[in-house]
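Please work through the following exercises with the sequence and the model side by side, trying each task before reading its solution.

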Amino acid sequence: MGRETPKRVAVVTGGTKGIGFAIARNLGLSDIAVFICARDQDGINQSLTELGSLGISCAGTIADMTTVDGIENCIQGVIKKFGSINYLIHNAGGAIGKGHISELSDSNWIDTFSINVLALVRLVALAKPFLISAKNSRVVNIGSINATEPGFLDPHYSSAKAAAANLVKYLSNDLAPYGVTVNSVSSGPVRTNSWETSIEDGARKRNISKNEFRNEIESEMESRIPLGEIGESSQIANLVSFLISEEARWITGSNFRIDGGKSRAW
């Protein structure tokens, strides 16, 4: 098929599940063409089928955000398909390995910084001319409250998210002269595929049922959230939709916490 020329185009990394898919769905339902990037071809196919069934103009490509080739595949893919980029949403991320600082390898640190920080550097560097030419463009990085309140078994992840938040502030200043805004969304605990994987792993290690472990861990987590509930992917997606809107044109270089009040910092 030849190049399509929609009015607005969004790139969503890690767009096949959880928060990323919720963002892609929200944007697509707002008449924005969506291009998703992820490492799993089956996941891409399934996500595109679901998005397409909703009447959303969409496409995607397999891309590993920890590699130069992966970033290039993503940006080149969206330009080949749609010809422009209005919104760049970097959602791919996570902790590569878990443990106390003495238990983590150098590769755990390097890989975690690659996907959470260096990927954003590379994405913006390649997308910058297209964001500028599209005018009134937006960049949103999906971060974590761990950036300011580290956990116990993920110092590499917390450090990477803190670095990414700082990078967002730099990028906002760099791109402001071109009318491109750059912001962070720092999420608290959200029910995603990763959350489900953690539940399964925890239940296996404790040799108890998945439901038993879920009830235990979610009750404990909810007790530490003032609003008393774990978040949903759709809530994060709604905030992203606002940040790319015209109403948010005077917001840049900001970090928005969305965590039910879990963060103790103001």
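**Exercise 1: the second largest pocket**

Task: determine how the lining of the second largest pocket divides into nonpolar, polar and charged residues, and which residues lie closest to the centre.

Solution. The residues of this lining divide into 7 nonpolar, 4 polar and 3 charged, where Ala, Val, Leu, Ile, Met, Phe, Trp, Tyr, Cys and Pro count as nonpolar, Asp, Glu, Lys and Arg as charged, and the others, Gly among them, as polar. The model is predicted, so local features need pLDDT of at least 70 and side-chain atom pairs count only at pLDDT 80 or more, while totals for chains, interfaces and linings use all residues. Residues are numbered from 1 along each chain as its sequence is written, and side-chain values use heavy atoms, with hydrogens and water left out.

Next, take the space itself: the second largest pocket holds about 160 Å³. A pocket is, on a 1 Å grid over the protein atoms alone, an open set of points where a 1.4 Å probe fits, with protein on both sides within 12 Å along at least five of seven lines, and its lining residues have an atom within 4 Å of a point. Of the 14 residues that line this pocket, Glu229, Gly231, Gln235, Asp259 and Gly260 are the closest to its centre. Strand 8 (231–232) and helix 8 (233–243) each supply at least two residues of the lining; helices (H or I, at least four residues) and strands (E, at least two) are DSSP runs, numbered from the N terminus.

**Exercise 2: the buried sides of two helices**

Task: find which residues of helix 7 and of helix 8 are buried, and where they sit around each axis.

Solution. Begin with helix 7 (residues 210–222), whose 13 residues reach 18 Å from the first C-alpha to the last, close to the 18 Å expected at 1.5 Å a residue, the expected span being 1.5 Å times one less than the number of residues. Phe213, Arg214, Glu218 and Met221 are buried in helix 7, buried meaning under 20% relative accessible area, exposed over 50% and partly exposed in between (1.4 Å probe, protein chains only). They cover an arc of only 115° around the axis, which puts them on the same side of helix 7; the arc is that of the directions from the helix axis to the C-beta atoms. What covers these buried residues includes strand 7 (190–191) and helix 6 (193–206), contact meaning heavy atoms within 4.5 Å.

In helix 8, the buried residues are Ser233, Ile236, Ala237, Leu239, Val240 and Leu243. They cover an arc of only 160° around the axis, and therefore lie on the same side of helix 8.

**Exercise 3: a loop residue and its contacts**

Task: decide whether Thr192 is buried or exposed, and state which residues it contacts.

Solution. Thr192 is placed in the loop between strand 7 and helix 6, and it counts as buried because its relative accessibility is 16%. Leaving aside neighbours within four places in sequence, Thr192 is in contact with Gly18, Ile19 and Ser233. Ser233 is also among the buried residues of helix 8.

**Exercise 4: positive phi in two loops**

Task: locate Asn136 and Asn207, and give the phi of each.

Solution. Most residues other than glycine have a negative phi. Asn136, in the loop between helix 4 (106–134) and strand 5 (138–144), has a positive phi near 50°, and Asn136 is exposed, with a relative accessible area of 51%. Asn207, in the loop between helix 6 and helix 7, has a positive phi near 60°, and at 70% relative accessibility Asn207 counts as exposed.

Definitions and conventions
Points joined across faces, edges and corners; volume = space filled by probe spheres on them.
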